[in-house]
Amino acid sequence: MNRRSFLRAASACAAPLLPGGLAAASTNRPNIVVIMADDLGYGDVGCYGAKRVSTPNIDRLASRGIRFTDGHSSSATCTPSRYAFLTGEYPWRRPGTNVLPGDASLIIEPGRPTLPSILKGAGYTTGCVGKWHLGLGTGNVDWNGEVKPGPLELGYDYSFLLPATGDRVPCVYLENHRVVGLDPKDPISVSYAAKIGNEPTGRENPDLLKVKPSHGHDMTIVNGISRIGYMTGGKSARWVDETVADTITDKAASFIERNRANPFFLYFGSHDIHVPRVPHDRFRGKSGCGVRCDVIQELDACVGRLMTTLDKLKLTDNTLIVFTSDNGPIVDDGYADRAVEELNGHAPAGALRGGKYSIYEAGTRVPFIASWPARIKPGVSGALVAQQDLLASFAALSDRPVPANGGPDSFNVLPALLGESKTGRDHLVEHAGRLALRKSQWKMIPARPVPARRSDAVVDIPGPDVELYDLASDPAEGRNVAKANPELVTEMSAMLERIRSKPASRP
Ligand code: NG6
Ligand code: CA
């Protein structure tokens, strides 16, 4: 038996001796809150260098915790990124993990070890509030009945969801298995294939729109905004974009209040700053750099409210908060909301190259902050960490083994998260439809796009040559040094191939 299988076997044997509830009660383990912003870029918040937009709460979180300068989402779009966050598996290993329509089936099989199921096993009460976008049900979802499987079948005790994205139907909330506020006399139907019913659409009735699309987004109109996909019915259940941030923050705060006396894990998936960007009046026009910055300030206020809730309940000291984003930034993502025109010099990606959908650094390098006042000393860390690592790291934190069939690409980076080590993971495969390999300061992007799966859309225009960047001296990926370093390119190409060909990469 090699060392790795010995350690796995040993920890599996030890598990029954540590019943989760008991262990939870007998140690001072922290509550855990993961705040996952949507499409927030590396340069979008003050503590990462933004000057035009004001984010005092996120900055305060960073100033009392560790701010990572090389923290990554697991993909440059939402669904694959959140898939990896929950399962600890690189999304490109699995077909069907690209951006999903709003009527897709759940893409994670119930019973698989997930981040919340591991924490639940450790005695945590687990909650999922906000953006989901991992599919629901097993096909042909009936939105008028019990919608499952979903988060509750994957290890969450409570859920309050936007099923997919703000720009995709159905535009309704789901609490646990049910659509909230649905009138049974006005049932919901959803279609992504063809128009259903006779409600106005953005394509046919642009005069009815308060925000017009710039590309796509021209189907059913809900709240004056045309969406991707068609829906009819469910009028009383439809969300109002202006109050989505407040509604989900209320639900998150109530979850914290209800669980103040026991260890809890809360995943808060904000809709901000994804399109459509429709801030509450409190924030509209307030930033000075357009609606995209207005919703950054709305996001910051939501973070502030969760921090205040913890303060009021005297839970701040013993709560680990991780703040991050599901992928990098984009300014025009399909609505003509004047975000481009009114940016006023704000640089969403900071000094990095690329953004959402891109294999260059800004696709996945995002704000990544860990705060736990009782344990973490404030600082800045250059350790390489990724969101799929939270599964193994939180397992370690709560004294649970990562099950042998779980988290195949999740590295335990807890020492880096706690600021006890300057090193995180040894390498990282970045994903944006195509793949790239990070190893220390080097980044290698293969010459021809290597589609992880044949069906993958290749979103970056492929470079004619293999690309190699020294991120230590060239963080903006401006100088391709592949030709001068042929051995390194060969070595990194072989390493990427090895990682792709095996089912797991964790140590
Ligand atoms: C794209 C949408 C974009 C956004 C994205 C998913 C169009 C033209 N573009 O297909 O607006 O919804 O999907 O974003 O429809 S994500 O953050 O959830 O990955
Ligand atoms: Ca996103």
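## A tour of the sheet and its helices

Start with the open sheet of this predicted model: 10 strands, in the order β7-β6-β5-β4-β12-β1-β13-β14-β2-β15, with mixed pairing. Two strands pair if DSSP finds at least two bridges between them. Helices (H or I, at least four residues) and strands (E, at least two) are DSSP runs, numbered from the N terminus.

Select the edges next. β7 (178–179) and β15 (379–381) each have a single partner strand, so one side of each lacks a neighbour in the sheet.

Now pick β5 (residues 158–162) and β6 (residues 174–175). They pair in the antiparallel sense over 2 bridges. Leucine 161 has leucine 174 in β6 as its bridge partner.

Move to helix α3 (residues 56–63). It lies across β2 (66–68), β13 (319–325) and β14 (368–371), at about 60° to β14. Angles run from 0 to 180 degrees between N-to-C directions; axes are lines fitted to C-alpha atoms, for helices over the stretch in contact.

Then select helix α8 (residues 389–397). It packs on the sheet and touches β1 (31–37), β12 (264–269), β13 and β14. Contact means heavy atoms within 4.5 Å. The direction of α8 makes about 175° with that of β13.

Finish with α6 (residues 244–258) and α7 (residues 290–312). Their axes come within 10 Å and cross at roughly 15°. Among the residues that meet are Ala245 and Ile256 in α6, and Cys302 and Leu306 in α7.

Residues are numbered from 1 along each chain as its sequence is written, and chains are lettered from A and ligands numbered from 1 in the order written. Local features need pLDDT of at least 70, side-chain atom pairs count only at pLDDT 80 or more, totals for chains, interfaces and linings use all residues, and side-chain values use heavy atoms, leaving out hydrogens and water.
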